[in-house]
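Biologist: I have a chain to look at and some questions to ask. Can we go through it step by step?

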Amino acid sequence: MKKVLITGITGQDGSYLAALLLGKGYEVHGAVRRASMENTVKLQNIQSIADKINLHACSLDNHLSVYKLIAAIRPDECYHLAASSFVSYSFEDEASILAANFTSTHYLLSSIKELCPSCRVYFAGSSEIFGNAEESPQTETTKFNPRSMYGISKLASHHVVKNYREQYGLYACTGFTYNHESPRRGHAFVTRKITATVAKIFLGIATKIELGNIETIRDWGYAPEYVEAMWRMLHNPQGPKDYVVATGVAHTVSELLATAFSTVGLNYTQYIVINKDFYRPGEQVPLIGNAKSIYTDLGWKHTTLFKDMIVEMVQNDIREYSAQNNQ
Ligand code: GDP
């Protein structure tokens, strides 16, 4: 039985990936912060598969902790999804984002190189590495130009991945994934913020929604399909290669609002309050991905429609908030 290690297993992508790999017959291991081991809220996404997976307490920012984890599991595949994923602009956050995202990737790769160099490694990159991109849509050859410390941490990690592949022969690759959402998306992200607030307005427990720039454009995909792309990247007949994983379809935040509010028969213009505090600096060029390469090489493409995904998220949030209201 093949062994897989997933960092960030309790998150949106990690939990979908764990379920996918259990279905494929893998022995699934997950790295979790010690503080999260007993935290039922943090473990919510993996509740339904908890008895089928093996959780290990690990501090990814501690080299010895990572080394011991790899030594204990000696995985055949490793998906490094754990990251501080908030695109923040405060100095304190920047320092911790760099430390968490960059050093953890290096510790994992160096431990794998020493202990089980045949382990295949997927690294969760991000469209944020293109930042203020020179072209749109972006491809694997678009110049990197990150505009946030999060993007910089992902780009630096990608270079470490590439270096371990080219210098040491590791099967290691980066997925440049664009935004991907689901009912498990964190509440700080704009999709979930909107679907959760629509549910609350519908249930009479909220009256308005405060947002930043609603004309910004994003390429929003469906998370369960993106974890399939990650698995395919570790089974590439051409060997390890980096790919853009995206839908190629552009939507504005206002389209997202219209779709979410219309699910419950409401018009968003009556509920929106624009708050400049939520504006982001420097979002000139739309981040839209061209996923032609992964389709040509691995047959992956997105299938779930944006509208269907948003409707699923709103319906899920209505169920969640109704249940909380009735407790
Ligand atoms: P990101 O692409 O990883 O930053 O994902 P987000 O979901 O946080 O943001 C997506 C887009 O929504 C960005 O262009 C934001 O500028 C825009 N946006 C507008 N209002 C808000 C808001 O209130 N919260 C968040 N998170 N994003 C907002």
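Modeller: Start with helix 4, residues 149–168, in this predicted model. At 1.5 Å a residue, its 20 residues should span 28 Å. The end C-alpha atoms of helix 4 are 28 Å apart, which agrees.

Biologist: Which residue follows helix 4, and what is the sign of its phi?
Modeller: The residue after helix 4 has a phi near 75°. That phi is positive, and the residue is Gly 169.

Biologist: Which residues does Thr 105 contact, leaving aside neighbours within four places in sequence?
Modeller: Thr 105 sits in helix 3, residues 91–115. Its relative accessibility is 2%, so Thr 105 counts as buried. Two of its contacts, Ser 157 and Val 161, are among the buried residues of helix 4. The full set is His 80, Phe 123, Ser 157 and Val 161.

Biologist: How far apart in space are Thr 105 and Ala 82?
Modeller: In sequence, Thr 105 and Ala 82 are 23 residues apart. In space, C-alpha to C-alpha, the distance is 9.2 Å.

Biologist: Is Ser 36 buried or exposed?
Modeller: Ser 36 lies in the loop between strand 2 and strand 3. It touches Lys 42 and Leu 43, not counting residues up to four places away in sequence. Its relative accessible area is 6%, and the cut-off is under 20%, so Ser 36 is buried.

Biologist: How far from Asp 219 is the nearest side chain of opposite charge?
Modeller: Asp 219 lies in the loop between strand 9 and strand 10. It is buried yet has no salt bridge. A salt bridge needs the atoms within 4 Å. The nearest side chain of opposite charge is Arg 218, at 9.4 Å.

Biologist: Which side chain shares a polar contact with the side chain of Asp 219?
Modeller: Asp 219 touches several residues, including Tyr 226, Thr 247 and Gly 289. Its side chain reaches the backbone nitrogen of Gly 289 at 3.0 Å. The side-chain to side-chain polar contact is 2.6 Å, and the partner is Thr 247.

Biologist: How many residues of helix 6 are buried?
Modeller: Helix 6 covers residues 223–233 and is mostly covered. Tyr 226 and Trp 231 are among the buried ones. Of its eleven residues, the buried number is nine.

Biologist: What separates Arg 232 and Glu 228 along helix 6?
Modeller: Their side chains meet in a salt bridge of 2.9 Å, N to O. Arg 232 is partly exposed at 24%, whereas Glu 228 is buried at 18%. Because they are four residues apart in helix 6, the separation is about one helical turn.

Biologist: How many residues apart are Arg 192 and Glu 320?
Modeller: Arg 192 forms a salt bridge with Glu 320, with the closest N and O atoms 3.4 Å apart. The pair links distant parts of the chain. Arg 192 is in helix 5 and Glu 320 is in helix 9. Their separation in sequence is 128 residues.

Biologist: How many salt bridges does a search of the whole structure find?
Modeller: One of them joins Glu 114 and Lys 113 at 3.4 Å. Glu 114 is exposed at 54%, and Lys 113 is partly exposed at 26%. For the whole structure, the count is eleven.

Biologist: What distance separates the centres of domain 1 and domain 2?
Modeller: The two domains come from the domain assignment of the protein. In domain 1, 17 residues are in contact with twelve residues of domain 2. Taken over C-alpha atoms, the centres are separated by 27 Å.

How values were computed:
Residues are numbered from 1 along each chain as its sequence is written. This is a predicted model: local features need pLDDT of at least 70, side-chain atom pairs count only at pLDDT 80 or more; totals for chains, interfaces and linings use all residues. Side-chain values use heavy atoms; hydrogens and water are left out. Helices (H or I, at least four residues) and strands (E, at least two) are DSSP runs, numbered from the N terminus. Buried means under 20% relative accessible area, exposed over 50%, partly exposed in between (1.4 Å probe, protein chains only). Lys and Arg count as positive and Asp and Glu as negative; His and the chain ends are not counted. A polar contact is a pair of N or O atoms within 3.5 Å; within protein, one must be able to donate a hydrogen and the other to accept it, and residues adjacent in sequence count only if both atoms are side-chain atoms. Contact means heavy atoms within 4.5 Å. The expected span of a helix is 1.5 Å times one less than its number of residues. Domain bounds come from an automatic or database domain assignment.
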